[in-house]
Each structure stands twice: as structure tokens, then as C-alpha cells.
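Subject: Structure for you to look at, with notes

Dear colleague,

I am passing on the structure we spoke of, and below it I have set out what was found, grouped by region. Please read the notes with the model open beside them.

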Amino acid sequence: MADSAIETLTAAHVARGIARLFARNDIWCLAEMPLRNGRRADLMGVDPKGRIILVEIKVQRGDLLGDGKWPDYLDYCDRFYWGLPPGLDRSPLEGDGYRPDCCGVIVADGYDGEIVRPAPLRPLAAARRKVEVERLARTALRRATVALDPHCAPWGTPE
């Protein structure tokens with residue numbers, strides 16, 4: 001891929017590539033999922049065993065280096081990944097501050113993705129996982145309903 005193509009990749013492109021990678025592996029995800037701590041996960045998914053996967057997407061080096069909030073996501077997932085476009089320098093993710101012992105790395109473009117460092121399993125307590133999976137399901141169902149009928153948007157609990 002040419003350097004200019006790398007520079008034009010957006011978070012949406014990376015998210016689509018990761019979603020395709022996940023779909024092939026029977027992991028279904030939702031973009032921009034609000035968490036109970038006030039943060040918003042770029043992607044939140046559930047694997048075939050009901051485990052929660054979060055992905056934080058970074059498309060620019062400065063954004064990656066300036067992200068101090070990412071540890072706030074770890075209490076809401078069984079696996080955590082960084083999602084990056086091809087060509088973005090991944091070396092900062094090898095440093096202790098980015099905890100490579102508990103964070104995986106996925107490289108993706110608008111067409112596909114590849115896990116370049118698997119995320120270790122850090123199991124959530126069963127009660128927390130249940131709450132988070134139910135929140136994810138309700139958010140996905142609300143989004144689908146409002147997409148079918150925008151008149152439903154004012155009802156229920158918005159994200």
C-alpha cells in the first residue's frame with residue numbers, strides 16, 4: 001500500500017477491516033459502544049464463548065502516544081486490542097506503559113484485518129460479563145430498531 005493510501009485511512013476504515021476479521025471468526029461487534037465508566041469503546045464484540053472483546057482504534061501516532069485513558073477499558077473486557085492501520089509505527093505498543101502483557105494488536109485497512117499480537121485472556125467476573133453483554137445487546141437492538149423506525153428514537157434509554 002502506498003504511503004498516501006496509508007495516510008488516508010480513517011478509524012472507520014480500520015473498524016471495517018477489524019469487523020470483517022471478527023465476522024470470519026464468529027465474533028460480532030458494535031462500533032462506538034458506551035461503557036458504564038463514561039468511556040466509549042471504538043468496537044465492542046462478543047466471541048462464540050460469550051467473552052467480551054474491546055478494540056481501541058488509533059490511526060495517527062500522536063493520538064496513540066497521547067492516549068492515557070485506554071486502561072479504563074480493561075475492566076470491561078476479557079480481551080483488549082489496539083486496532084491500527086498498516087504502516088503506523090507499532091513500536092510504542094511494546095513499551096511497559098502500553099502493557100503488551102495484556103493487550104493485543106490488530107492491523108487493518110478498509111478491507112480486512114490481521115491479528116499481529118494476540119490479546120491474552122483476562123477473564124471478567126461472570127456477573128460483570130453478564131451485565132456488559134446485556135448492555136451490548138440492548139444497545140445493538142435499540143440501534144437496529146431506530147434504524148428501521150426513527151420515530152422510536154425518543155423512547156427508552158438512549159446511549
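In what follows, a contact means heavy atoms within 4.5 Å of each other. In that sense V146, which lies in helix α4, touches C152 and A153 once residues up to four places away in sequence are left out of the count. The C-alpha atom of V146 is separated by 32 Å from that of D63, a residue 83 places away along the chain.

Please bear in mind throughout that this is a predicted model. The protein chain averages a pLDDT of 92, and 96% of the residues score at least 70. Confidence is highest in β3, at a mean of 98, and lowest in helix α1, residues 3-8, where the mean is 52. Over residues 1-6 the pLDDT is below 50, and this stretch has 5 contacts in the model beyond near neighbours in sequence, so I would read that part with caution.

Turning to the interior, the largest nonpolar core has 25 residues, of which L35, M44, L54, W70, F80, W82 and L93 touch the most other members. Two or more residues of this core come from each of the strands β1 (28-34), β2 (40-46), β3 (52-57), β4 (79-84) and β5 (103-108). Another core, of 14 residues, lies apart from it and includes I18, L21, F22 and I106.

F80 gives a view of the surroundings of one of those core members: neighbours within four places in sequence aside, F80 is in contact with L54, E56, W70, Y73, L74, C102, C103, G104 and A119.

A41 is found in strand β2. Is A41 buried or exposed? A41 counts as buried, because its relative accessibility is 1% and the cut-off for buried is under 20%. Its contacts, again leaving aside neighbours within four places in sequence, are A31, E32, M33, L35, L54, V55 and Y73. A41 and W70 are 29 residues apart in sequence, and their C-alpha atoms are 9.3 Å apart in space.

W70 also appears among the contacts of R99, which touches W70, L74 and R122 when residues up to four places away in sequence are not counted. R99 lies in the loop between β4 and β5 and, with a relative accessible area of 32%, is partly exposed. Between the C-alpha atoms of R99 and V46, which are 53 residues apart along the chain, the separation is 22 Å.

Two residues have backbone angles that you may wish to look at. D26, in the loop between α2 (11-24) and β1, has a positive phi of about 60° although it is not a glycine, and it is partly exposed, with a relative accessible area of 41%. E32, whose place is in strand β1, likewise is not a glycine and has a positive phi, of about 55°. At 38% relative accessibility E32 counts as partly exposed, and E32 is one of the residues in contact with A41.

Finally, there is the matter of pockets. The largest pocket has a volume of about 250 Å³, and its lining is made up of M33, P34, R135, R138, T139, L141, R142, G156, T157, P158 and E159. Which element gives the largest share of that lining? The largest share comes from α4, with 5 residues, while β1 and α4 (126-148) each supply at least two. By type, the lining residues divide into 4 nonpolar, 3 polar and 4 charged. M33 ties two parts of this description together, being one of the lining residues of the largest pocket and also one of the contacts of A41.

With best wishes

How values were computed:
Residues are numbered from 1 along each chain as its sequence is written. This is a predicted model: local features need pLDDT of at least 70, side-chain atom pairs count only at pLDDT 80 or more; totals for chains, interfaces and linings use all residues. Side-chain values use heavy atoms; hydrogens and water are left out. A nonpolar core is a set of buried Ala, Val, Leu, Ile, Met, Phe, Trp, Tyr and Cys residues joined through side-chain atoms within 4.5 Å. Buried means under 20% relative accessible area, exposed over 50%, partly exposed in between (1.4 Å probe, protein chains only). Helices (H or I, at least four residues) and strands (E, at least two) are DSSP runs, numbered from the N terminus. pLDDT is the predictor's confidence in each residue, from 0 to 100. On a 1 Å grid over the protein atoms alone, a cavity is a set of points where a 1.4 Å probe fits but cannot get out, and a pocket is an open set with protein on both sides within 12 Å along at least five of seven lines; lining residues have an atom within 4 Å of a point. Grid points are joined across faces, edges and corners, and a volume is the space filled by probe spheres set on the points. Ala, Val, Leu, Ile, Met, Phe, Trp, Tyr, Cys and Pro count as nonpolar, Asp, Glu, Lys and Arg as charged, and the others, Gly among them, as polar.
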